[in-house]
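I opened my notebook and went through this structure one feature at a time. Here is what I looked up, in the order I went.

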Amino acid sequence: MFSLCKTSASSGVRATRYFKASRVVSGGVRYLRLDAADAEPARGGIPPPLTGIRIVDLTRVLAGPTATMLLADLGADVIKVEEVSRGDDTRSWSPPAAPLADTAPASASHLPAESAYFLAVNRNKRSITVNFKKPEGLKIVHDLIRKADVLVENFIPGKLAEMGLGWEDCREINPRLIYASITGPHHLIPFAVATYDIDTALLPFSVLYQGMAKQGPIGKPLDTTKGEAGLMHITGEPDRPPCKVGVAVIDISTGLYAHGSILAALLSRQQTGKGVWIDVNLFETQIAGLANIASNYLIAGAEGSRHGTAHPSIVPYQVFPCKDGFLMIGAGNDKQFNTLASKILECPGLAQDERFSTNSARVAHRKTLVPILTDILMEHDRDYWLEKFKGQGVPFGPINNIQETFEHPQAKARGITVEVEHPRAGPIKLVAPAVSYNGKRMPVKRPPPYLSQHTDEVLRKDLGYSEKEIAHLREQKII
């Protein structure tokens with residue numbers, strides 16, 4: 001059962017502030033501004049719905065940690081079980097890394113600086129280190145499972161079963177356990193690849209499943225150029241090679257699917273009293289994400305293709321250069337194109353030209369129209385065009401870099417970052433949870449943990465181990 005109880009703000013987190021909104025115009029766009037005078041301390045707009053739910057997190061890198069972070073945001077107690085000496089592989093994926101504070105605990109002085117990659121997807125969790133390849137370490141994980149509601153893993157299919165941590169093993173220990181496996185292609189067919197091995201982690205698999213890699217002979221690199229699952233085939237410029245998306249989008253999407261499926265399984269358990277085995281894999285996530293492109297093929301046999309930033313069925317609908325940057329422009333119908341041509345670009349003849357007077361004609365004459373629009377837009381800078389577009393009813397927007405994104409008035413108004421006090425790095429900024437409930441975000445109760453930060457706490461308080469037992473386990477390098 002989910003318990004619905006309020007929690008107070010934890011130490012180590014600087015309270016986000018919520019403000020009364022007023023309107024402000026910047027760069028021709030209307031935004032909301034938040035007035036600091038009406039600030040109030042941050043609390044979630046709802047009681048944390050997963051309070052009392054414990055999750056054993058055996059995942060690393062991105063897809064799994066994304067899922068467990070989202071569950072932790074909702075109040076679940078996520079215990080991240082890491083390898084003893086190095087932990088999650090992303091801990092070493094730096095630079096960049098957060099600089100160490102003078103107040104960093106001496107007990108963690110041997111650890112590298114906290115990588116930005118790890119900090120991105122591990123807020124609100126506790127970290128313990130356990131060598132569960134050893135019997136004493138395996139017993140610790142079994143003890144955690146007995147008291148857990150959910151286990152999430154992303155190991156090679158069958159690897160955990162060899163160690164006594166497969167689905168069948170774990171449900172014997174805890175019949176009410178939700179067991180979520182995050183893998184590559186489906187483990188029930190010969191081409192079965194999980195995201196991460198027990199000893200060696202691979203890069204986030206988005207890049208592989210964007211093109212759906214074929215696995216070569218043992219010891220050979222994976223061939224990531226075969227466009228077997230579609231995304232890279234439709235990403236990039238039409239006359240250039242396939243291109244990966246700029247962020248590991250399939251890992252993140254898989255984490256979102258896993259997060260939702262775990263919530264569904266918890267609700268199912270309320271009805272049946274039984275645990276659930278969940279299989280979430282990157283391959284199927286990517287195919288589901290093809291959306292209308294997949295439907296075009298299944299319904300009409302229409303093959304996808306690369307269009308850069310353009311749209312296959314709407315012109316103009318793409319990024320255009322201007323004198324000092326780029327603009328995204330989308331004239332989705334003939335009325336909008338007429339406005340674009342006559343009022344914004346001040347070239348009314350374009351809309352009257354039979355080649356461009358209808359969308360179907362513009363699609364047919366794309367190669368003629370786009371250079372004309374580009375030449376006009378290159379005559380002025382971005383701010384000039386932003387002012388011209390203002391209030392005209394034609395969709396548009398600047399292409400912002402990352403700094404401009406975080407300095408965007410809407411980003412500031414919505415409070416999309418949160419500052420937390422990290423025990424090793426001092427104050428650091430993180431992207432805040434993306435969802436608001438009753439106008440408020442769930443609070444960040446814990447900063448991302450440093451390696452093994454909570455090992456003694458979990459063993460002693462949660463599992464009842466004595467100080468002598470803990471000392472023995474540390475001496476044997478089990479923890």
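**Entry 1: the sheet.** I started with an open sheet of 3 strands in this predicted model. I read its order as β9-β10-β11, with antiparallel pairing. The edges are β9 (317-322) and β11 (396-398), each of which pairs on one side only. From one strand to the next the twist averages 25°. I reminded myself that strands of a sheet pair through backbone hydrogen bonds, either parallel or antiparallel.

Next I looked at how β10 and β11 meet, and I found antiparallel pairing over 3 bridges. Which residue of β11 is the bridge partner of Ile329? I noted Phe396.

**Entry 2: helices over the sheet.** I then asked what lies across these strands. I found α13 across β9 and β10, running at about 40° to β9. I also found α14 across β9, β10 and β11, and its direction is at about 25° to β10.

**Entry 3: helix α10.** I moved on to α10, which spans residues 334-344. Its buried residues are Gln336, Phe337, Thr339, Leu340, Ala341 and Ile344. What do they pack against? I listed the strand β10 (325-330) together with α11 (349-352), α12, α13 (366-377) and α14 (382-389).

I checked both ends of α10 too. At the N-terminal end, Asn333 acts as a cap, with a side-chain oxygen 3.2 Å from the backbone nitrogen of Lys335. Just after the helix, Glu346 takes a positive phi of about 60°.

**Entry 4: Arg362.** I picked an arginine in helix α12 (residues 359-364), namely Arg362. Is Arg362 buried or exposed? I put it down as buried, because its relative accessibility is 0% and the cut-off for buried is under 20%. I then looked up its contacts, leaving aside neighbours within four places in sequence. Among them are Asn333, the cap residue of α10, and Phe337, one of the buried residues of α10. Arg362 also touches Val315, Pro316, Asp334, Arg355, Phe356, Ser357 and Leu369.

**Entry 5: cysteines.** I wanted to know how many disulfides there are, and the count comes to 0. For my own reference, a disulfide is a covalent bond between the sulfur atoms of two cysteines. I looked up two cysteines for their exposure. Cys243 counts as partly exposed, because its relative accessibility is 38%. Cys322 counts as buried, because its value is 4%.

**Entry 6: the β12-β13 hairpin.** I turned to β12 (residues 417-422) and β13 (residues 426-431), which pair in the antiparallel sense over 6 bridges. The two form a hairpin with 3 residues between them. I saw Thr417 standing opposite Val431 in β13.

Which side chains of β12 are buried? I wrote down Val418, Val420 and His422, which point to one face. Thr417, Glu419 and Glu421 point to the other face and are not buried. I set this beside the general pattern: in a regular strand the side chains alternate between the two faces of the sheet.

**Entry 7: the whole protein.** I finished with the overall numbers. I counted 18 helices and 15 strands. Of the 479 residues, 43% count as buried. Among contacts between residues at least 6 apart in sequence, 69% join residues at least 24 apart. The accessible surface comes to about 24,000 Å², and 56% of it belongs to carbon and sulfur atoms.

Definitions and conventions. Residues are numbered from 1 along each chain as its sequence is written. This is a predicted model: local features need pLDDT of at least 70, side-chain atom pairs count only at pLDDT 80 or more; totals for chains, interfaces and linings use all residues. Side-chain values use heavy atoms; hydrogens and water are left out. Helices (H or I, at least four residues) and strands (E, at least two) are DSSP runs, numbered from the N terminus. Buried means under 20% relative accessible area, exposed over 50%, partly exposed in between (1.4 Å probe, protein chains only). Contact means heavy atoms within 4.5 Å. A disulfide is a pair of cysteine sulfur atoms within 2.5 Å. A polar contact is a pair of N or O atoms within 3.5 Å; within protein, one must be able to donate a hydrogen and the other to accept it, and residues adjacent in sequence count only if both atoms are side-chain atoms. Two strands pair if DSSP finds at least two bridges between them. Axes are lines fitted to C-alpha atoms, for helices over the stretch in contact, and angles run from 0 to 180 degrees between N-to-C directions. Accessible areas come from the Shrake-Rupley method with a 1.4 Å probe; for residues, only the protein chains shown count as cover.
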